[in-house]
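Colleague: I am new to this model and would like a close look at a single part of it. Could you take your time and then show me how that part sits in the rest?

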Amino acid sequence: MADSKCTGSVRLSVAAAPEIAPAVTSAADAWSKDGGNVNGTCVSVAVSPVAPSEVASVIARDHGVTLAGVGQPSGTVQVPDVWIPDSSTWQLRLRNEASGFQPNNVTSVAQSPLVVAMPKPIAQSQKLEGQKVPLASLLTAKALGSADAPKFGIVNPGTDASGLIALMAIGQAVGTGADAVKSQVQALTYLSKNRSALRDELLERFPKSADAATIAEGLGAAPLSEEDVISYNAKRPPVELSAVYLSGANVPLDYPFTVLPQVVDGDKISAAAGLLKQLTTGGFKEQLSTAGLRAPDGTYGSGFVAPAGAPQASPAITAAAGGGDNTGGTAAAGVDAASVSKVVGTWNATTQAGRVLAVFDVSGSMGDPVPTANNLSRAVVTQKAAATGLELFSDEWAVGVWAFSTDMNGKKPWKELIKITPLSTGRQDVRATIPQLNPKSDGNTGLYDTVLDAYNAAKANWKPGKVNSVILFTDGENDNPDGIKQDELINKLKAAQDSSKFVRLVLIGIGNEVNKAELQTISKTVKGSGLFIAEDPTKITDIFLQAIGSRTGVE
């Protein structure tokens, strides 16, 4: 019965992923009817179904940052008091970009494992229905090259969590090394051919008729959530989907209940805690089951329509997302912001069209040994990372290479090894510059002049519709008596920026001897720039991918 002593109103706004919003609304309404209150004040909960990418873009805007691939908000979505996206990877991405984003509480209230959705005729003909398989095995060269290989699709991982965690699963499965990079690039390139911006858009591409020609022309497979398959089949389509479950450790969609940082009012915080309590009861588990969702422990209620092969319980959610005392149980065990950015960066490198001027430090200190790489020099370690990074770039990219130290071309501290060249025709020529990145034994570091000249060169070669950037690697600090001073560099960089010809400046520090303060000063001068430090030079490739997958760097 409702508590008649409850007066007034504490309004709590909740933005929830569309698939879980009805269950949250039902629970909130039931709580209200039962007299939900905070210290005698009635609680009014307004639940809105909003795509997680929309809320993330608004939060990012309010923190003065953007998320790669998400873009600007539409203008109709407001920042809520409580946010329930489909995945805690959204919080990880926001924390990585905006240091001020620190939610008060993050606790999973539901779960849906990642599966490969396939039209039933395809899953059955390939004897995959009811089976557990590694995602990477479906995307090997042999599998993709077979005559009956299904047409794979994916939702853009920059805007959709199911696409993002699918790429995480692929990355974990292929491991590391040159062969792994080749396999990963091949899989991502194949997936990108049938990518969609929105999940609903991807689902619409599955065949609408069971005849062989329609099935062959339609989408044949896509990494999606179990809930996507259940909801799709609930509409009684002409061709139902099978859920092919994945073996190994995979991060599920985990629906984190998130009290956003701007909520400081005590009554609102208490109201949010009261709502969370309603979403962690056995009754809510039953409401989730009718929406095709599992409880956080991986089990499901009596109304759950389990696809063939569905496990009775998927892995329980017990780990915290991103760390911190203000974080409860979510599904991001072993996942951090850097790893998420690396995944987005790998996708961007493989699928986007970009122009990059890569500038490498070849000063004498680049000859110093790296203990974690069997004492190979910093230069050799960097060359290996450059070779790996080049393989990740698709043919839609254009790449130029400079080497810098001091007196590399007369008094100029840098030397152009190759102008910005399309990889579609010049990949071999770009690759041939990498062995030339050897240390100049008596060379110092002409950082300031090189940064300015590289930025202006990228601006002069700017092309619309591309990601135009300078990525500069250095292991030291400016040491060039014949060059410009820091104040002059800063003033000229400010003057050189043109909003109509945006060039992103990415600085990557190598080793523990870089002058972080100096690099920060340069980085903060150029809008949208990023600073990343690879204290262990063997991690340069990872740092490089994080840089491509992020919009900011070290704060």
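Is E97 buried or exposed?

Modeller: Happy to help, and let me start with what kind of model this is. It is a predicted model, in which local features need pLDDT of at least 70 and side-chain atom pairs count only at pLDDT 80 or more, while totals for chains, interfaces and linings use all residues. Residues are numbered from 1 along each chain as its sequence is written, and side-chain values use heavy atoms, with hydrogens and water left out.

Now to your residue. E97 is buried, with a relative accessible area of 3%. Here buried means under 20% relative accessible area, exposed means over 50%, and partly exposed is in between, using a 1.4 Å probe and protein chains only. E97 belongs to helix α3, which covers residues 89-97. Helices (H or I, at least four residues) and strands (E, at least two) are DSSP runs, numbered from the N terminus. For a sense of distance, take N233, which is 136 residues from E97 along the chain: the C-alpha atoms of the two are separated by 37 Å.

To place that helix, let us step back to the whole chain. The protein chain has 19 helices and 22 strands. Its radius of gyration is 26 Å, close to the 24 Å that the globule rule gives for 555 residues, so the chain is as compact as a globular protein of that length. That radius is taken over C-alpha atoms, and the rule is 2.2 Å times the number of residues to the power 0.38. Along the principal axes, the C-alpha atoms fill a box of roughly 85 × 60 × 45 Å. Like E97, 55% of the 555 residues count as buried.

Contacts come next, where contact means heavy atoms within 4.5 Å. Among contacts between residues at least 6 apart in sequence, 76% join residues at least 24 apart. V359, in strand β15 (residues 354-361), has a relative accessibility of 0% and counts as buried. Not counting residues up to four places away in sequence, V359 touches W402, F404, T450, A454, V470, I471, L472 and F473. Its C-alpha atom is separated by 63 Å from that of G8, 351 residues away along the chain.

Two serines are buried as well. S196 sits in strand β9 (residues 195-196) and is buried at 2% relative accessible area. Apart from neighbours within four places in sequence, S196 is in contact with I154, V155, N156, E201, L202 and R205. S394, by contrast, is found in a loop, between α14 (378-392) and β18 (398-409), and is buried with a relative accessible area of 14%. With the same neighbours set aside, S394 contacts A349, T350, Q352, L423 and R427.

The start of the chain has a link of its own. A disulfide joins C6 to C42, with an S to S distance of 1.7 Å. C6 lies in the segment before β1 (7-16) and C42 in strand β3 (residues 41-49), so the pair ties together parts that are 36 residues apart in sequence. The rule used is a pair of cysteine sulfur atoms within 2.5 Å, and by it the count comes to 1 disulfide. C6 counts as buried, at 14% relative accessibility. In strand β1 you will also find S13, which is partly exposed at 27% relative accessibility. The C-alpha atoms of S13 and V47, 34 residues apart along the chain, are separated by 6.2 Å. S13 touches A46, P80, D81 and V82, not counting residues up to four places away in sequence.

Two residues have a backbone angle worth a look. N39 has a positive phi of about 50° although it is not a glycine. N39 lies in the loop between β2 (37-38) and β3 and is exposed, with a relative accessible area of 72%. D407, also not a glycine, has a positive phi near 50°. D407 is placed in strand β18 and is partly exposed at 37%.

Finally, the outside. The accessible surface of the chain comes to about 22,600 Å², of which 50% belongs to carbon and sulfur atoms. Such areas come from the Shrake-Rupley method with a 1.4 Å probe; for residues, only the protein chains shown count as cover.
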